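Hi,

Here is the structure I promised to pass on. Have a look at it first, and then read my notes below.

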Amino acid sequence: MVPLAGLSPEQESLREIAYRFALDKIRPVAASLDERAEFPTGLIREGHSLGLINVTLPVELGGSGLSIFDACLVIEEIAWGCSGFATSMVANDLALTPIRIGATEDQKRRFIEPIASAGLLASFCLTEPGAGSDAAGLQTTVDDGGDCWIINGAKQWITNAGHASQYTVFASFDKTKKHKGICCIVVPRTTPGISVGHHENKMGQRCSDTCRVTFDNVRVPKDHMIGAPGDGFKIAMQTLDASRPMTAAIAVGIGRAASEYALAYSKERKQFGVSISTFQGLQFMLADMATGVDASRLLTWRSAWLLDQGKSASIESSMAKRFAADTAMSVTTDAVQIYGGYGYTKEYPVEKLMRDAKLLQIYEGTSQIQRVVIARELLKR
Ligand code: CAA
(Lines give C-alpha, C1' and ligand atoms only; values in the text may rest on other atoms or scores of the structure.)
Protein backbone atom coordinates (compact mmCIF):
# COMPACT_ATOMS: atom_id res chain seq x y z
CA MET A 1 0.00 0.00 0.00
CA VAL A 2 1.55 3.31 -1.09
CA PRO A 3 1.17 6.15 1.52
CA LEU A 4 -0.96 9.04 0.26
CA ALA A 5 0.40 12.59 0.52
CA GLY A 6 -1.07 14.73 3.28
CA LEU A 7 -2.56 12.02 5.50
CA SER A 8 -1.79 11.86 9.24
CA PRO A 9 -0.18 8.74 10.82
CA GLU A 10 -3.61 7.90 12.31
CA GLN A 11 -5.24 8.06 8.89
CA GLU A 12 -2.51 5.86 7.38
CA SER A 13 -3.11 3.31 10.21
CA LEU A 14 -6.80 3.32 9.42
CA ARG A 15 -6.04 2.74 5.72
CA GLU A 16 -3.68 -0.06 6.69
CA ILE A 17 -6.43 -1.90 8.67
CA ALA A 18 -8.83 -1.67 5.73
CA TYR A 19 -6.10 -2.55 3.20
CA ARG A 20 -5.05 -5.67 5.18
CA PHE A 21 -8.68 -6.79 5.42
CA ALA A 22 -9.11 -6.25 1.67
CA LEU A 23 -5.84 -8.00 0.79
CA ASP A 24 -6.07 -10.97 3.17
CA LYS A 25 -9.83 -11.58 3.38
CA ILE A 26 -11.69 -9.99 0.48
CA ARG A 27 -9.42 -10.40 -2.57
CA PRO A 28 -8.87 -14.14 -2.14
CA VAL A 29 -12.64 -14.81 -2.39
CA ALA A 30 -13.78 -11.92 -4.63
CA ALA A 31 -13.77 -13.91 -7.89
CA SER A 32 -15.69 -16.86 -6.47
CA LEU A 33 -18.26 -14.63 -4.72
CA ASP A 34 -18.71 -12.90 -8.09
CA GLU A 35 -19.02 -16.15 -10.02
CA ARG A 36 -21.63 -17.55 -7.61
CA ALA A 37 -23.32 -14.19 -6.91
CA GLU A 38 -22.91 -15.06 -3.25
CA PHE A 39 -23.54 -12.55 -0.47
CA PRO A 40 -20.49 -12.43 1.88
CA THR A 41 -22.35 -12.83 5.20
CA GLY A 42 -19.28 -14.04 7.15
CA LEU A 43 -17.03 -11.30 5.79
CA ILE A 44 -19.60 -8.64 6.62
CA ARG A 45 -19.57 -9.92 10.20
CA GLU A 46 -15.75 -9.76 10.28
CA GLY A 47 -15.80 -6.28 8.76
CA HIS A 48 -18.24 -5.19 11.45
CA SER A 49 -16.01 -6.52 14.23
CA LEU A 50 -13.12 -4.45 12.80
CA GLY A 51 -15.31 -1.30 12.73
CA LEU A 52 -15.41 -1.20 8.93
CA ILE A 53 -19.23 -1.10 8.66
CA ASN A 54 -21.41 1.86 9.78
CA VAL A 55 -18.24 3.90 9.62
CA THR A 56 -19.80 7.39 9.72
CA LEU A 57 -22.32 6.68 12.47
CA PRO A 58 -21.54 8.06 15.95
CA VAL A 59 -19.80 5.71 18.40
CA GLU A 60 -22.60 6.17 20.97
CA LEU A 61 -25.03 4.78 18.36
CA GLY A 62 -22.87 1.75 17.59
CA GLY A 63 -20.94 3.17 14.63
CA SER A 64 -17.23 3.85 14.18
CA GLY A 65 -17.57 7.65 14.45
CA LEU A 66 -15.35 8.38 11.45
CA SER A 67 -15.48 11.63 9.53
CA ILE A 68 -16.74 11.26 5.95
CA PHE A 69 -13.14 11.95 4.82
CA ASP A 70 -11.75 9.06 6.89
CA ALA A 71 -14.66 6.86 5.79
CA CYS A 72 -13.60 7.50 2.17
CA LEU A 73 -10.07 6.28 3.00
CA VAL A 74 -11.48 3.02 4.40
CA ILE A 75 -13.99 2.55 1.56
CA GLU A 76 -11.36 3.03 -1.18
CA GLU A 77 -9.32 0.16 0.30
CA ILE A 78 -12.34 -2.13 0.68
CA ALA A 79 -13.45 -1.40 -2.90
CA TRP A 80 -9.88 -2.08 -4.07
CA GLY A 81 -10.56 -5.56 -2.64
CA CYS A 82 -14.09 -5.95 -4.08
CA SER A 83 -16.56 -3.20 -4.88
CA GLY A 84 -19.57 -5.49 -4.38
CA PHE A 85 -18.47 -5.92 -0.78
CA ALA A 86 -17.88 -2.16 -0.45
CA THR A 87 -21.38 -1.45 -1.78
CA SER A 88 -22.94 -3.78 0.80
CA MET A 89 -20.96 -2.02 3.50
CA VAL A 90 -21.75 1.55 2.40
CA ALA A 91 -25.45 0.67 1.97
CA ASN A 92 -25.75 0.42 5.75
CA ASP A 93 -24.52 3.97 6.26
CA LEU A 94 -26.88 5.03 3.46
CA ALA A 95 -29.88 3.38 5.15
CA LEU A 96 -29.14 4.73 8.63
CA THR A 97 -28.08 8.26 7.61
CA PRO A 98 -31.68 9.54 7.01
CA ILE A 99 -32.35 8.60 10.64
CA ARG A 100 -29.19 10.36 11.82
CA ILE A 101 -30.21 13.46 9.83
CA GLY A 102 -33.92 13.70 10.62
CA ALA A 103 -34.76 11.68 13.75
CA THR A 104 -35.27 12.64 17.37
CA GLU A 105 -32.65 11.45 19.89
CA ASP A 106 -35.08 8.78 21.06
CA GLN A 107 -35.62 7.51 17.50
CA LYS A 108 -31.85 7.43 16.87
CA ARG A 109 -31.40 5.24 19.97
CA ARG A 110 -34.21 2.91 18.85
CA PHE A 111 -33.55 2.69 15.11
CA ILE A 112 -29.78 3.13 14.71
CA GLU A 113 -28.13 1.74 17.85
CA PRO A 114 -29.60 -1.81 17.84
CA ILE A 115 -28.78 -2.27 14.13
CA ALA A 116 -25.29 -0.78 14.22
CA SER A 117 -24.20 -2.39 17.52
CA ALA A 118 -25.29 -5.88 16.53
CA GLY A 119 -23.85 -5.68 13.01
CA LEU A 120 -27.29 -6.05 11.44
CA LEU A 121 -28.03 -4.73 7.97
CA ALA A 122 -30.47 -2.05 6.84
CA SER A 123 -31.64 -0.85 3.42
CA PHE A 124 -32.38 2.57 1.92
CA CYS A 125 -35.68 2.19 0.03
CA LEU A 126 -36.14 5.15 -2.31
CA THR A 127 -36.04 3.77 -5.88
CA GLU A 128 -39.12 2.15 -7.40
CA PRO A 129 -39.84 0.18 -10.57
CA GLY A 130 -41.15 3.38 -12.21
CA ALA A 131 -39.18 6.01 -10.26
CA GLY A 132 -35.37 5.89 -10.45
CA SER A 133 -33.84 9.21 -11.48
CA ASP A 134 -37.18 10.94 -10.78
CA ALA A 135 -37.16 10.24 -7.06
CA ALA A 136 -40.01 12.70 -6.39
CA GLY A 137 -42.22 10.65 -8.74
CA LEU A 138 -42.34 7.70 -6.35
CA GLN A 139 -45.70 5.92 -6.10
CA THR A 140 -45.47 4.07 -2.77
CA THR A 141 -48.15 5.44 -0.46
CA VAL A 142 -48.38 6.00 3.26
CA ASP A 143 -51.84 6.45 4.76
CA ASP A 144 -52.95 7.44 8.22
CA GLY A 145 -54.44 4.33 9.83
CA GLY A 146 -55.36 6.02 13.14
CA ASP A 147 -52.85 4.48 15.52
CA CYS A 148 -50.39 3.53 12.74
CA TRP A 149 -49.12 4.35 9.24
CA ILE A 150 -50.12 1.99 6.42
CA ILE A 151 -47.62 1.54 3.56
CA ASN A 152 -48.39 0.14 0.11
CA GLY A 153 -46.09 -0.09 -2.91
CA ALA A 154 -42.88 -1.57 -4.27
CA LYS A 155 -39.21 -0.61 -4.10
CA GLN A 156 -36.67 -1.74 -6.68
CA TRP A 157 -32.87 -2.32 -6.79
CA ILE A 158 -32.65 -2.24 -3.01
CA THR A 159 -29.15 -3.01 -1.78
CA ASN A 160 -28.91 -5.53 1.11
CA ALA A 161 -32.69 -6.01 1.01
CA GLY A 162 -32.61 -9.80 1.33
CA HIS A 163 -30.39 -9.64 4.43
CA ALA A 164 -31.65 -6.43 6.04
CA SER A 165 -33.41 -6.29 9.39
CA GLN A 166 -34.78 -2.80 8.83
CA TYR A 167 -35.86 -0.64 5.90
CA THR A 168 -35.78 3.15 5.63
CA VAL A 169 -38.74 3.72 3.32
CA PHE A 170 -39.74 6.84 1.38
CA ALA A 171 -43.46 7.03 0.60
CA SER A 172 -46.04 9.66 -0.31
CA PHE A 173 -49.07 10.69 1.76
CA ASP A 174 -50.35 12.92 -1.09
CA LYS A 175 -49.04 12.48 -4.63
CA THR A 176 -50.51 15.83 -5.73
CA LYS A 177 -47.97 17.49 -3.43
CA LYS A 178 -45.08 15.81 -5.36
CA HIS A 179 -41.83 16.02 -3.34
CA LYS A 180 -43.61 17.92 -0.53
CA GLY A 181 -45.81 14.84 0.09
CA ILE A 182 -42.93 12.41 0.70
CA CYS A 183 -42.30 10.93 4.16
CA CYS A 184 -39.46 8.89 5.60
CA ILE A 185 -40.49 5.89 7.72
CA VAL A 186 -38.52 3.16 9.49
CA VAL A 187 -39.98 -0.30 8.86
CA PRO A 188 -38.73 -3.43 10.67
CA ARG A 189 -38.28 -6.34 8.26
CA THR A 190 -40.51 -8.63 10.34
CA THR A 191 -43.57 -6.39 9.89
CA PRO A 192 -46.41 -8.40 8.28
CA GLY A 193 -47.07 -7.53 4.62
CA ILE A 194 -43.44 -7.23 3.49
CA SER A 195 -42.16 -9.54 0.77
CA VAL A 196 -38.65 -9.55 -0.65
CA GLY A 197 -37.95 -10.62 -4.24
CA HIS A 198 -35.06 -12.66 -5.59
CA HIS A 199 -31.42 -11.57 -5.54
CA GLU A 200 -31.04 -9.84 -8.96
CA ASN A 201 -28.65 -11.59 -11.38
CA LYS A 202 -26.49 -8.54 -12.05
CA MET A 203 -23.69 -7.90 -14.57
CA GLY A 204 -21.25 -6.74 -11.87
CA GLN A 205 -20.94 -6.22 -8.12
CA ARG A 206 -22.60 -9.61 -8.07
CA CYS A 207 -21.92 -10.40 -4.40
CA SER A 208 -23.93 -7.36 -3.31
CA ASP A 209 -27.53 -8.27 -2.60
CA THR A 210 -30.05 -6.37 -4.74
CA CYS A 211 -33.79 -7.15 -4.50
CA ARG A 212 -37.26 -5.75 -4.93
CA VAL A 213 -39.24 -5.14 -1.72
CA THR A 214 -43.04 -5.06 -1.76
CA PHE A 215 -45.23 -3.48 0.93
CA ASP A 216 -48.81 -4.74 1.15
CA ASN A 217 -50.81 -2.93 3.86
CA VAL A 218 -47.73 -2.76 6.06
CA ARG A 219 -48.62 -1.18 9.41
CA VAL A 220 -45.99 0.61 11.47
CA PRO A 221 -46.39 2.65 14.66
CA LYS A 222 -46.83 6.41 14.30
CA ASP A 223 -43.50 7.16 15.97
CA HIS A 224 -41.61 5.39 13.16
CA MET A 225 -41.87 8.47 10.95
CA ILE A 226 -38.59 10.41 10.69
CA GLY A 227 -39.21 14.16 10.70
CA ALA A 228 -42.61 15.58 9.81
CA PRO A 229 -44.84 14.27 7.00
CA GLY A 230 -43.42 15.90 3.84
CA ASP A 231 -39.81 16.09 5.12
CA GLY A 232 -38.85 12.83 3.38
CA PHE A 233 -37.58 14.18 0.05
CA LYS A 234 -35.18 16.67 1.60
CA ILE A 235 -33.95 14.02 4.04
CA ALA A 236 -33.30 11.69 1.07
CA MET A 237 -31.44 14.41 -0.88
CA GLN A 238 -29.30 15.35 2.14
CA THR A 239 -28.53 11.67 2.66
CA LEU A 240 -27.40 11.30 -0.96
CA ASP A 241 -25.23 14.42 -0.65
CA ALA A 242 -23.48 12.78 2.32
CA SER A 243 -23.26 9.38 0.69
CA ARG A 244 -22.03 10.32 -2.81
CA PRO A 245 -18.42 10.96 -1.70
CA MET A 246 -18.39 7.43 -0.26
CA THR A 247 -19.73 6.02 -3.52
CA ALA A 248 -17.08 8.03 -5.34
CA ALA A 249 -14.50 6.38 -3.05
CA ILE A 250 -15.75 2.98 -4.27
CA ALA A 251 -15.05 4.15 -7.84
CA VAL A 252 -11.56 5.30 -6.81
CA GLY A 253 -10.85 1.86 -5.30
CA ILE A 254 -11.95 0.09 -8.51
CA GLY A 255 -9.93 2.46 -10.71
CA ARG A 256 -6.83 2.10 -8.55
CA ALA A 257 -7.05 -1.69 -8.63
CA ALA A 258 -7.39 -1.67 -12.44
CA SER A 259 -4.50 0.71 -12.98
CA GLU A 260 -2.23 -1.28 -10.62
CA TYR A 261 -3.03 -4.56 -12.37
CA ALA A 262 -2.48 -2.98 -15.80
CA LEU A 263 0.85 -1.44 -14.77
CA ALA A 264 2.17 -4.75 -13.40
CA TYR A 265 0.96 -6.74 -16.42
CA SER A 266 2.46 -4.27 -18.90
CA LYS A 267 5.91 -4.93 -17.39
CA GLU A 268 5.51 -8.72 -17.59
CA ARG A 269 3.93 -9.08 -21.02
CA LYS A 270 6.40 -9.26 -23.91
CA GLN A 271 5.62 -8.56 -27.55
CA PHE A 272 8.08 -7.83 -30.37
CA GLY A 273 10.80 -9.03 -27.95
CA VAL A 274 10.23 -6.35 -25.28
CA SER A 275 7.85 -5.56 -22.42
CA ILE A 276 4.78 -3.84 -23.76
CA SER A 277 5.40 -1.12 -21.12
CA THR A 278 8.24 0.14 -23.35
CA PHE A 279 5.72 1.27 -25.98
CA GLN A 280 4.80 4.92 -25.68
CA GLY A 281 1.21 4.33 -26.81
CA LEU A 282 0.74 2.10 -23.79
CA GLN A 283 2.70 4.38 -21.43
CA PHE A 284 0.29 7.20 -22.29
CA MET A 285 -2.64 4.96 -21.37
CA LEU A 286 -1.00 4.13 -18.02
CA ALA A 287 -0.30 7.82 -17.38
CA ASP A 288 -3.91 8.81 -18.09
CA MET A 289 -5.26 5.98 -15.92
CA ALA A 290 -3.13 7.02 -12.91
CA THR A 291 -3.98 10.70 -13.42
CA GLY A 292 -7.72 9.95 -13.61
CA VAL A 293 -7.64 7.91 -10.40
CA ASP A 294 -5.73 10.64 -8.55
CA ALA A 295 -8.07 13.37 -9.79
CA SER A 296 -11.07 11.27 -8.72
CA ARG A 297 -9.59 10.83 -5.27
CA LEU A 298 -8.94 14.56 -4.87
CA LEU A 299 -12.51 15.46 -5.88
CA THR A 300 -13.77 12.80 -3.46
CA TRP A 301 -11.62 14.12 -0.63
CA ARG A 302 -12.76 17.72 -1.26
CA SER A 303 -16.45 16.85 -1.09
CA ALA A 304 -15.92 14.73 2.03
CA TRP A 305 -13.87 17.47 3.71
CA LEU A 306 -16.54 20.10 2.98
CA LEU A 307 -19.27 17.90 4.47
CA ASP A 308 -17.10 17.26 7.54
CA GLN A 309 -16.84 21.06 7.98
CA GLY A 310 -20.65 21.19 8.06
CA LYS A 311 -20.76 22.94 4.69
CA SER A 312 -23.22 22.21 1.92
CA ALA A 313 -21.54 20.14 -0.79
CA SER A 314 -24.23 19.08 -3.28
CA ILE A 315 -22.27 20.24 -6.31
CA GLU A 316 -18.94 18.92 -5.04
CA SER A 317 -20.45 15.51 -4.09
CA SER A 318 -22.04 15.21 -7.51
CA MET A 319 -18.82 16.26 -9.28
CA ALA A 320 -16.87 13.65 -7.30
CA LYS A 321 -19.38 10.89 -7.92
CA ARG A 322 -19.77 11.70 -11.63
CA PHE A 323 -16.07 12.06 -12.35
CA ALA A 324 -14.95 9.06 -10.27
CA ALA A 325 -17.62 6.77 -11.75
CA ASP A 326 -16.88 7.73 -15.35
CA THR A 327 -13.12 7.48 -14.68
CA ALA A 328 -13.50 4.01 -13.13
CA MET A 329 -15.36 2.94 -16.28
CA SER A 330 -12.69 4.25 -18.65
CA VAL A 331 -9.74 3.06 -16.53
CA THR A 332 -11.13 -0.48 -16.20
CA THR A 333 -11.89 -0.57 -19.95
CA ASP A 334 -8.28 0.46 -20.65
CA ALA A 335 -7.02 -2.19 -18.21
CA VAL A 336 -8.87 -4.86 -20.20
CA GLN A 337 -7.34 -3.39 -23.39
CA ILE A 338 -3.82 -3.61 -21.95
CA TYR A 339 -4.38 -7.26 -20.99
CA GLY A 340 -5.70 -7.91 -24.53
CA GLY A 341 -7.44 -11.26 -25.04
CA TYR A 342 -6.42 -12.41 -21.55
CA GLY A 343 -8.19 -9.42 -20.05
CA TYR A 344 -11.43 -10.50 -21.66
CA THR A 345 -11.43 -13.80 -19.76
CA LYS A 346 -12.38 -14.61 -16.19
CA GLU A 347 -8.85 -16.01 -15.64
CA TYR A 348 -7.67 -12.44 -15.01
CA PRO A 349 -9.14 -9.88 -12.57
CA VAL A 350 -9.73 -6.92 -14.87
CA GLU A 351 -12.94 -8.03 -16.62
CA LYS A 352 -14.66 -8.17 -13.20
CA LEU A 353 -13.47 -4.64 -12.46
CA MET A 354 -14.93 -3.42 -15.77
CA ARG A 355 -18.29 -5.05 -15.04
CA ASP A 356 -18.23 -3.71 -11.47
CA ALA A 357 -17.39 -0.16 -12.59
CA LYS A 358 -20.48 0.08 -14.81
CA LEU A 359 -22.80 0.12 -11.79
CA LEU A 360 -21.05 3.22 -10.44
CA GLN A 361 -22.43 5.19 -13.41
CA ILE A 362 -25.96 4.02 -12.56
CA TYR A 363 -26.63 3.71 -8.83
CA GLU A 364 -26.90 6.51 -6.26
CA GLY A 365 -27.83 8.85 -9.10
CA THR A 366 -26.69 8.18 -12.68
CA SER A 367 -23.83 10.16 -14.19
CA GLN A 368 -26.52 12.12 -16.08
CA ILE A 369 -28.37 13.00 -12.83
CA GLN A 370 -25.07 14.17 -11.27
CA ARG A 371 -24.69 16.53 -14.25
CA VAL A 372 -28.25 17.78 -13.65
CA VAL A 373 -27.39 18.58 -10.02
CA ILE A 374 -24.09 20.24 -11.02
CA ALA A 375 -25.66 22.35 -13.79
CA ARG A 376 -28.59 23.47 -11.60
CA GLU A 377 -26.20 24.60 -8.87
CA LEU A 378 -24.00 26.44 -11.39
CA LEU A 379 -26.99 28.25 -12.89
CA LYS A 380 -28.24 29.26 -9.42
CA ARG A 381 -24.92 30.99 -8.58
N1 CAA B 1 -30.44 19.04 -0.09
C2 CAA B 1 -31.56 19.62 0.46
N3 CAA B 1 -32.68 19.90 -0.27
C4 CAA B 1 -32.65 19.59 -1.58
C5 CAA B 1 -31.53 19.00 -2.20
C6 CAA B 1 -30.39 18.74 -1.39
N7 CAA B 1 -29.28 18.20 -1.91
N8 CAA B 1 -31.82 18.80 -3.49
C9 CAA B 1 -33.06 19.25 -3.71
N10 CAA B 1 -33.56 19.73 -2.55
C11 CAA B 1 -34.86 20.36 -2.32
C12 CAA B 1 -35.02 21.58 -3.23
O13 CAA B 1 -34.48 22.74 -2.66
C14 CAA B 1 -36.52 21.65 -3.38
O15 CAA B 1 -37.04 22.24 -2.20
P16 CAA B 1 -38.25 23.34 -2.23
O17 CAA B 1 -39.46 22.69 -2.74
O18 CAA B 1 -38.37 23.77 -0.80
O19 CAA B 1 -37.77 24.43 -3.13
C20 CAA B 1 -36.94 20.19 -3.36
O21 CAA B 1 -35.89 19.46 -2.70
C22 CAA B 1 -37.16 19.62 -4.73
O23 CAA B 1 -35.97 19.77 -5.45
P24 CAA B 1 -35.92 19.67 -7.04
O25 CAA B 1 -36.94 20.60 -7.62
O26 CAA B 1 -34.50 19.85 -7.45
O27 CAA B 1 -36.40 18.15 -7.28
P28 CAA B 1 -36.50 17.30 -8.60
O29 CAA B 1 -37.72 16.48 -8.53
O30 CAA B 1 -36.30 18.16 -9.79
O31 CAA B 1 -35.29 16.22 -8.47
C32 CAA B 1 -33.09 15.30 -8.53
C33 CAA B 1 -34.01 16.49 -8.21
C34 CAA B 1 -31.71 15.83 -8.20
C35 CAA B 1 -33.13 14.88 -9.98
C36 CAA B 1 -33.45 14.09 -7.60
O37 CAA B 1 -34.67 13.50 -7.98
C38 CAA B 1 -32.38 13.03 -7.60
O39 CAA B 1 -31.38 13.17 -6.90
N40 CAA B 1 -32.58 11.92 -8.34
C41 CAA B 1 -31.68 10.78 -8.29
C42 CAA B 1 -32.13 9.84 -7.22
C43 CAA B 1 -31.02 8.94 -6.78
O44 CAA B 1 -29.87 9.32 -6.64
N45 CAA B 1 -31.38 7.70 -6.48
C46 CAA B 1 -30.46 6.76 -6.00
C47 CAA B 1 -31.13 5.85 -5.02
S48 CAA B 1 -30.04 5.21 -3.82
C49 CAA B 1 -29.17 3.97 -4.53
O50 CAA B 1 -29.07 3.81 -5.71
C51 CAA B 1 -28.43 3.20 -3.53
C52 CAA B 1 -28.45 1.74 -3.62
O53 CAA B 1 -29.20 1.05 -2.98
C54 CAA B 1 -27.38 1.15 -4.45
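**What I found**

Let me start with K352, which is found in helix α10, residues 350-360. Please keep in mind that this is a predicted model, so everything below is computed from it.

Is K352 buried or exposed? It has a relative accessible area of 10%, and buried means under 20%, so K352 counts as buried. If you want a partner to look for in the viewer, try A258: K352 and A258 sit 94 residues apart in sequence, while their C-alpha atoms are 9.8 Å apart in space.

**Around the ligand**

The part you will probably open first is the ligand site. The ligand takes up the space of the largest pocket. There are 25 residues around the ligand, and the ones that come nearest are S133, H179, K234, D241 and R376.

K234 also makes a polar contact: an N or O atom in the K234 side chain is 2.7 Å from an oxygen atom of the ligand. The S314 side chain has an N or O atom too, and that one is 3.3 Å from a nitrogen atom of the ligand. With G365 the backbone does the work, as a polar backbone atom of G365 lies 3.1 Å from a ligand oxygen atom. On its own the ligand has 1100 Å² of accessible area, and the protein covers 73% of that.

Which elements supply at least two residues each to the shell around the ligand? Those are β3 (148-159), α7 (232-268) and α11 (367-380). The largest share comes from α7, with 7 residues. By residue type, the shell around the ligand divides into 11 nonpolar, 8 polar and 6 charged residues.

Helix α7 has another residue I looked at, P245. Its relative accessible area is 0%, which means that P245 is buried. P245 and Q166 are 79 residues apart along the chain, and 24 Å separates their C-alpha atoms.

**Two buried polar side chains and what they touch**

Q107 is found in helix α5, which covers residues 105-111. Q107 counts as buried because its relative accessibility is 6%, where the cut-off is under 20%. What does the Q107 side chain reach at 3.0 Å? That is the backbone nitrogen of T104. A polar atom of the Q107 side chain also lies 2.8 Å from the backbone oxygen of M225.

E128 is in a loop, the one between β1 (121-125) and β2 (141-144). At 5% relative accessibility E128 is buried as well. The E128 side chain reaches the backbone nitrogen of Q139 at 2.5 Å. The side chains of E128 and T140 are joined by a polar contact of 2.6 Å.

**Backbone angles to check**

Most residues other than glycine have a negative phi. Two residues here are worth a look with that in mind. One is W157, found in strand β3. W157 is not a glycine, yet its phi is positive, near 60°. As noted above, strand β3 is one of the elements that supply at least two residues of the shell around the ligand.

The other is K178, which is not a glycine either and has a positive phi of about 50°. Where does K178 sit? You will find K178 in the loop between β4 (164-172) and β5 (182-188). K178 has a relative accessibility of 58%, and exposed means over 50%, so K178 counts as exposed.

**One more, towards the start of the numbering**

E16 is found in helix α1, residues 9-36. Is E16 buried, exposed or partly exposed? Its relative accessible area is 33%, so E16 is partly exposed. E16 and V74 are 58 residues apart along the chain, and their C-alpha atoms are separated by 8.7 Å.

That is what I have for now. If you open the ligand site, you could begin with the three contacts, made by K234, S314 and G365.

Cheers

Key
Residues are numbered from 1 along each chain as its sequence is written. This is a predicted model: local features need pLDDT of at least 70, side-chain atom pairs count only at pLDDT 80 or more; totals for chains, interfaces and linings use all residues. Side-chain values use heavy atoms; hydrogens and water are left out. A residue is near a molecule or strand if one of its heavy atoms lies within 4 Å of it. A polar contact is a pair of N or O atoms within 3.5 Å; within protein, one must be able to donate a hydrogen and the other to accept it, and residues adjacent in sequence count only if both atoms are side-chain atoms. Accessible areas come from the Shrake-Rupley method with a 1.4 Å probe; for residues, only the protein chains shown count as cover. On a 1 Å grid over the protein atoms alone, a cavity is a set of points where a 1.4 Å probe fits but cannot get out, and a pocket is an open set with protein on both sides within 12 Å along at least five of seven lines; lining residues have an atom within 4 Å of a point. A molecule sits in a cavity or pocket if more than half of its atoms lie within 2 Å of its grid points. Helices (H or I, at least four residues) and strands (E, at least two) are DSSP runs, numbered from the N terminus. Ala, Val, Leu, Ile, Met, Phe, Trp, Tyr, Cys and Pro count as nonpolar, Asp, Glu, Lys and Arg as charged, and the others, Gly among them, as polar. Buried means under 20% relative accessible area, exposed over 50%, partly exposed in between (1.4 Å probe, protein chains only).
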